[in-house]
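Biologist: I'm new to this one, so could you walk me through it? I'll keep asking how you know things.

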Amino acid sequence: MAGIVLKGRFPRRRLIQIVATNLARQVFGSAARNWVRNLAGTTPAIGSMTLLLLMTGLVGLSGFALYNLEQYEAAQASVLHVYLRDNAAYQDVDSLWDRLSNDPRVATVTYTSKAQALAHAQSIPGLPALADASGSNPFPASLDLQVNNINDMGAIDGMVRYDLAVDSVTPTSYDPGAYQRIQQVVFGLAVAGLAFLCLLGFVAITVTANSIKAAIHARRDEITIMQLVGAPRWMVRGPFIVEGAITGALAGLVAGVVTFGLGAGAITAGSSGFAEFAPGVTVATVVVAAVGVLVAGVTLGSGSSLISLRRHMET
Amino acid sequence: MHLELQPGELAFLVGPSGAGKTTILKLINREIRPTHGQVIVAGIAAHLLKASRVAELRRRVGVVFQDYKLLPRLTALENVAFALQVADLRISDEEARDRSLDALEAVGLGDRGSALPHQLSGGQQQRVAIARAVVAKPLLLIADEPTGNLDQETAWEIMDLFSDIAAWGTAVLVATHNVEIVTRLQRRVLTLVDGRLVRDQQAGQIGRMAWLASS
């Protein structure tokens, strides 16, 4: 017996390997082969899904920017700038400051000098040119109030606008209804965006489901045989779901790359102006949006396949 | 109707077109669900089976069709191995190949494993289909007009195969219009008319109702 060496494999590991190999071949390999074979029929689905996902990515980024804008405006809406006369007496300013600090409706009061106002203006796109064009500093000093309740803004404005220390031409930044108008615009845009995405989603799901229906029809003999020899239902359906996922992944990849390209391009080209226009949208946000679009593509593709299978595949 | 098949029994299902032969086979294989009554196959209540568990039943039932239903892109060996591996992922390529070769040899096609279906005659294709149906060693084999597309000589060869399969313990139920075979083989004959079992003729008898198979 010397010299005979048996090299047996651990049975369970071998079993796992066999199952994995068969699974890869019968589900993923089969799906990939059929996807390539049906590419001509799948192209419209890829096109419509890419368009949908691209729009989703861009609308998502716009929605995120609008949400941040709304949050910013909401914070700004509870801030009341009380502009001071250039020649206001210190006593008058102090008196007003004390009165406001002691007012229970006011959370905080801070003072912004003319120099600070100018420096702030110079950080806003477009305003530096205006500031530089004028020989003197046109921006007034102000007392900036953080108001506890946005509904008290009107009353506080009425209280301070005729004060001796306050500028008579532009007494405060109070603009009744400004925040509500922004909210209405944002809500309108959100509804329009959602409706548009729903429409595109319906088209993409319909087109993808139809391409899977065609694939089911083309492989009906194979499906019949698999069903009759006792292949589990998930194994019969699996390749079609993977096929849909491949379609969705490809569309998601294209849409994700374009979303990233457009977003990153806009950030690079717009620099500081972009941050004002779309607050919170950074390169990291754009990457997250692109990955989200890819994941959405895979989900949409496999989901559409599942819908088609439920409707068109018999047991 | 009440119908019961024993292991190793070969029975013919005869009757005029529309009598319900194919329906019986579909009920057995749970392609359709009965509106009432019971269908018990190899201990499984097919009439109660959920769609997600139908595969369990079908692994115990081999099926042969008139039109063979072979996958044209696969060789004879691959057609048989495919059926084996999609029904049971635990079967390795080597085992599937060995068992498929055994099945092909059993039907007399051991040397045609690498042939594609279009390279085989009708009789050979039906043999491959039979090899596919029995490779997983089912408890029951059902065949729907298996000799419908074959000449008489080839039909006899196919029937010989069914007899051999039954001799090894598998119950075989064959729906057919072939009167000559039914008459000469003298096996059990179940005669259907309008969905009703009008005669259950045991093996070795020649019944007066056999003419019904000739419609």
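Modeller: Let's begin where the chains meet, keeping in mind that this is a predicted model. Here 19 residues of chain A are in contact with 16 residues of chain B.

Biologist: What makes two residues count as being in contact?

Modeller: Their C-beta atoms, placed from the backbone, have to lie within 7 Å. By that test, 19 residues of chain A and 16 residues of chain B make the list.

Biologist: Which helices of chain A supply at least two residues each to the side that touches chain B?

Modeller: Helix H1 (11-37), helix H8 (220-228) and helix H9 (233-277) of chain A. Sorted by class, that side of chain A has 11 nonpolar, 5 polar and 3 charged residues.

Biologist: On to chain B. What is the strand order in its open sheet of 6 strands?

Modeller: The order is S4-S5-S6-S1-S7-S8, and the pairing is mixed.

Biologist: Why are strand S4 (61-64) and strand S8 (196-201) of chain B called edge strands?

Modeller: Each of those two pairs on one side only. From one strand to the next, the twist averages 20 degrees.

Biologist: How do you know that S7(B) and S8(B) pair?

Modeller: Pairing takes at least two bridges, and strand S7 (residues 188-193) of chain B has 5 of them with S8(B), in the antiparallel sense. Within these strands, Leu192(B) stands opposite Leu197(B) of S8(B).

Biologist: Which helices pack against that sheet?

Modeller: Helix H5 (residues 122-134) of chain B lies across S4 and strand S5 (140-144) of chain B, at about 170 degrees to S4(B). Helix H6 (residues 152-167) of chain B also packs on the sheet, where it touches strand S1 (10-14), S5 and strand S6 (171-175) of chain B. The direction of H6(B) makes about 155 degrees with that of S6(B).

Biologist: Why are H5(B) and H6(B) called roughly parallel to each other?

Modeller: They pack at an angle of about 15 degrees, with axes 10 Å apart. Angles under 35 degrees count as roughly parallel, so H5(B) and H6(B) earn the label. The crossing of H5(B) past H6(B) is right-handed.

Biologist: Which residues make that contact?

Modeller: From H5(B) come Gly122(B), Gly123(B), Gln126(B), Ile130(B) and Val134(B), and from H6(B) come Thr154(B), Glu157(B), Ile158(B), Leu161(B) and Ile165(B). They divide into 5 nonpolar, 4 polar and 1 charged.

Biologist: Back to chain A. Why is H2(A) called oblique to H10(A)?

Modeller: Helix H2 (residues 39-77) and helix H10 (residues 283-312) of chain A cross at roughly 140 degrees, and their axes come within 10 Å. Roughly antiparallel would need an angle over 145, and roughly perpendicular covers 65 to 115. H2(A) is therefore oblique to H10(A).

Biologist: What is the handedness of the crossing, and which residues meet there?

Modeller: The crossing of H2(A) and H10(A) is right-handed. Among the residues that meet are Met49(A), Leu53(A) and Phe64(A) in H2(A), and Val286(A), Ala289(A) and Leu300(A) in H10(A). The full set of contact residues divides into 10 nonpolar, 7 polar and no charged.

Biologist: Finally, how do you know that S3(A) pairs with S1(A) and S2(A)?

Modeller: The cut-off is at least two bridges again. Strand S1 (residues 79-83) of chain A has 5 with strand S3 (residues 142-147) of chain A, and strand S2 (residues 106-112) of chain A has 6 with S3(A). Both pairings are antiparallel. Asp144(A) in S3(A) is the bridge partner of His81(A), and Thr110(A) stands opposite Asp144(A) too.

Note on methods
Residues numbered from 1 in each chain as written. Chains lettered and ligands numbered in written order. Predicted model: local features only at pLDDT ≥ 70, side-chain atom pairs only at ≥ 80, totals over all residues. Helix = DSSP H or I, 4+ residues; strand = E, 2+ residues; numbered from the N terminus. Nonpolar A, V, L, I, M, F, W, Y, C, P; charged D, E, K, R; others polar. Axes fitted to C-alpha atoms, helices over the stretch in contact; angles between N-to-C directions. Left-handed = near helix turned anticlockwise from the far one by under 90°.
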